[in-house]
Amino acid sequence: FRVHFRDRYDAEFLKYSLFNEPHFDKSGIEEFATLVIRNFGNDGQAERPRMRDSLMHALAFEEKSLISAKRSVFVFLNGQPWGLYNLREHIGPEYFRSNYGLSQVDLLWGERNVEAGDSGHWDATYHFFSTADLSNSSDFERAISLIDVQNFTDYEIFQIYSANIDLVDANLFKVRPKTADGRWQWVLWDLDYAFGLRPYNP
């Protein structure tokens, strides 16, 4: 589920410190426009442990990666118990405003679907990497001006270490501050398939 706070509901934001769990301490963030009430995805079926995605986000948070904080909640819908869910930050423009003070971003999901801003800079970046020779020092300097290499490296390490095979469009987010020197970074989302949830032998 997504929970939206809007003026027509008499509350444009929820103003409350929600995320105080030890491994997701974002207690300084106290304003939310949208929240996600997320089940445990494929890791939440039958006897599965319901921890893969949360574990990987907690590990990535220690490395200052871009992650969606989590809080465990018990959900009642219209008075009926639905069970345990994860309350999560929504990855949208307001996430980057509240977490990093960025008022404008280019935010894309999948290959080049626009969530905020536009895809012009990404298209140019993609074209550059399609033709560049990174053994050339000038091309390499240009590369590190376009993407945050440390962020990208950490993102790939977490995906590979956890053997996540679910990097489909809906789970792939990339963002840059909409500034002259803004570099692309990658955001973790949905690692329910981590650690061999379903064996995969290509």
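Reader: In which kind of crossing does helix 3 pass helix 4, left-handed or right-handed?

Author: Keep in mind that this is a predicted model. Helix 3 covers residues 120–131 and helix 4 covers residues 137–146. Where helix 3 passes helix 4, the crossing is left-handed.

Reader: And how is helix 3 oriented against helix 4, roughly parallel or roughly antiparallel?

Author: Helix 3 and helix 4 pack with their axes 11 Å apart, at an angle of about 150 degrees. Angles over 145 degrees count as roughly antiparallel. So helix 3 is, relative to helix 4, roughly antiparallel.

Reader: Okay, on to the sheet. Which are its edge strands?

Author: This one is an open sheet of four strands with antiparallel pairing, in the order 1-2-4-3. An edge strand here pairs on one side only. That picks out strand 1 (2–4) and strand 3 (70–77).

Reader: What stands opposite L35 in strand 4?

Author: Strand 2 takes in residues 34–38, and strand 4 takes in residues 80–89. These two run antiparallel and are joined by four bridges. Across from L35, in strand 4, you'll find E89.

Reader: Now the largest pocket: how many residues of its lining are charged?

Author: The pocket has a volume of about 190 Å³. Its lining includes R2, R38 and E115, along with residues such as W109, F173 and W189. Sorted by type, the lining has six nonpolar residues and one polar, and the charged ones number three.

Notes
Residues are numbered from 1 along each chain as its sequence is written. This is a predicted model: local features need pLDDT of at least 70, side-chain atom pairs count only at pLDDT 80 or more; totals for chains, interfaces and linings use all residues. Side-chain values use heavy atoms; hydrogens and water are left out. On a 1 Å grid over the protein atoms alone, a cavity is a set of points where a 1.4 Å probe fits but cannot get out, and a pocket is an open set with protein on both sides within 12 Å along at least five of seven lines; lining residues have an atom within 4 Å of a point. Grid points are joined across faces, edges and corners, and a volume is the space filled by probe spheres set on the points. Ala, Val, Leu, Ile, Met, Phe, Trp, Tyr, Cys and Pro count as nonpolar, Asp, Glu, Lys and Arg as charged, and the others, Gly among them, as polar. Two strands pair if DSSP finds at least two bridges between them. Axes are lines fitted to C-alpha atoms, for helices over the stretch in contact, and angles run from 0 to 180 degrees between N-to-C directions. Angles under 35 degrees count as roughly parallel, over 145 as roughly antiparallel, 65 to 115 as roughly perpendicular and the rest as oblique. A crossing is left-handed if the near helix is turned anticlockwise from the far one by less than a right angle, and right-handed if clockwise.
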